[in-house]
Amino acid sequence: MIVRPVRSTDLPALIAMARSTGAGLTSLPASEDRLAQRVAWAEKSFHGEAERADADYLFVLETDAGEVVGISAMNGAVGLREPWYNFRVGLTVSASRALGIHRQNPTLFLANDLTGNTEVCSLFLDANYRHSGLSGRLLSKARFLFIAEFPELFGDKVIAEMRGISDDNARAPFWESLGRHFFKMEFSQADYLTGVGNKAFIAELMPKFPLYTCFLSEEARAVIGRVHRDTEPALTMLRAEGFTYQGYIDIFDGGPALECETRSIRAVRDSQALVLAIGTPGEEAPQFLIHNRKREDCRITVGKARPASGTLVVDAATAKRLRLSAGAQVRAVPLSAQVGWR
């Protein structure tokens, strides 16, 4: 399998995936016009025709048979063209010495603090390819190797808004207890509107004053900062790469926003530029994430590899996926955070 930039010919596969995601993946709306626009803009981004504030790098995961089975993406910088909202989970302390009362009340503050950061988003993998875990790790982590190769295109911090808790009927407890009272619409409708770029209603309708979580339902309070069950593998991967939760949540479903300094992301920090060698890595060789160091013709794959004196030894099949010959430059990093350079 390889990860590569999206092309206009991938649009039917993207539409099919968007329709299968359900609610919660706001950056992949099941709108053919919106997706077509996004693909066209992604192509401009990979060709260097978009400023960082507008850049949208949309990747697809392609099988050796040429089937598109997953997508992932990065926005160069969020909030510079459209407002970017989160709730910051804080604390308000109330005390009365006379009454012997001291209360700590978790409080939600509407914030734009994450504006200007790079966002990783739109991660989705066909259910038929989730069993091994290898495809999902390639799809997610390939983005960090692209950042490592082209750091000038991205911000000093990378964020990831994780999908919050909702059930099979698109009912989100956080939305039911909070958002519904201000927006007077179903969660799925608000989710869709943000996905197609209509975010003005958030500023128009969301209260600007702090919200005490004690006024929310017990069910809503319980899901603050938690992820949807389908998102748990992605959460684990991001944590292994150095991402942490710093108290910011999605204003609709309460899912956590993770963040990490770009230079501190494990795959960025530990990646190396090497010369490709074709041979036999060996059965005990670890899996490496490998990038052909190109931009619009970017190809990233995973395969067994062995570092040796400034070279990276891979088998012929891996080199073929990268469309490289021996002696070409590659950027690589161990796929697993538990595996170091040898």
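**Aromatic pairs and local environment in a predicted chain**

The structure holds 12 aromatic pairs, a pair being counted where the ring centres of Phe, Tyr or Trp (its six-membered ring) lie within 6.5 Å, with planes under 30 degrees apart taken as stacked, over 60 as edge-to-face and the rest as tilted. In the pair formed by Phe46 and Phe59 the ring centres are 5.2 Å apart and the planes meet at 80°, so the arrangement is edge-to-face. Phe46 belongs to helix H2 (residues 32–46) and Phe59 to strand S2 (residues 56–62), so this pair ties together parts that are 13 residues apart in sequence; helices (H or I, at least four residues) and strands (E, at least two) are DSSP runs, numbered from the N terminus. Phe46 and Phe59 are both buried, where buried denotes a relative accessible area under 20%, exposed over 50%, and partly exposed the range in between (1.4 Å probe, protein chains only).

An edge-to-face aromatic pair is also formed by Phe87 and Phe174, at 6.4 Å centre to centre and with 70° between the planes. This pair links distant parts of the chain, since Phe87 is placed in strand S4 (residues 86–96) and Phe174 in helix H4 (residues 173–183), 87 residues apart. Phe87 is buried, its relative accessible area being 0%, and Phe174 likewise counts as buried, with a relative accessibility of 0%. Ring pairs further link Phe46, Tyr57, Phe59, Phe146, Phe150 and Phe154 into a cluster.

The model is a predicted one, in which local features need pLDDT of at least 70 and side-chain atom pairs count only at pLDDT 80 or more, while totals for chains, interfaces and linings use all residues. Residues are numbered from 1 along each chain as its sequence is written, and side-chain values use heavy atoms, with hydrogens and water left out.

With regard to the chain as a whole, the secondary structure comes to 10 helices and 16 strands. For 342 residues a compact globule would have a radius of gyration near 20 Å, and the value of 21 Å found for the chain agrees with this; the radius is taken over C-alpha atoms, and the globule rule is 2.2 Å times the number of residues to the power 0.38. The C-alpha trace spans about 75 × 45 × 35 Å along its principal axes. Of the 342 residues in the chain, 52% are buried. Among contacts between residues at least 6 apart in sequence, 71% join residues at least 24 apart, a contact being defined by heavy atoms within 4.5 Å. The accessible surface amounts to about 15,600 Å², 48% of which belongs to carbon and sulfur atoms, as given by the Shrake-Rupley method with a 1.4 Å probe. The chain carries 40 positive and 40 negative side chains, and the centres of the two sets lie 4 Å apart; Lys and Arg count as positive and Asp and Glu as negative, whereas His and the chain ends are not counted, and each charge is placed at NZ of Lys, CZ of Arg, CG of Asp or CD of Glu.

Several individual positions were examined. Asn86, in strand S4, is buried at a relative accessible area of 1%, and, residues up to four places away in sequence being left aside, Asn86 touches Phe109, Leu110, Ala111, Leu114, Glu161, Tyr248, Ile249, Asp250, Ile251 and Ala257. The C-alpha atoms of Asn86 and Gly247 are separated by 9.8 Å, although the two residues are 161 residues apart along the chain. Gly247 is located in strand S9 (residues 244–249) and counts as buried at 10% relative accessibility; with residues up to four places away in sequence again not counted, Gly247 touches Phe87, Arg88 and Val89. Val3, in strand S1 (residues 2–5), is buried with a relative accessible area of 1%, and among the residues touched by Val3 are Phe59, Val60 and Leu61.

Positive phi values occur at two residues that are not glycine: Ser122, with phi of about 55°, and Arg323, with phi near 60°. Ser122 is found in strand S6 (residues 118–125) and is buried, its relative accessible area being 2%, whereas Arg323 lies in the loop between helix H10 (316–322) and strand S16 (329–334) and is exposed, with a relative accessible area of 62%.
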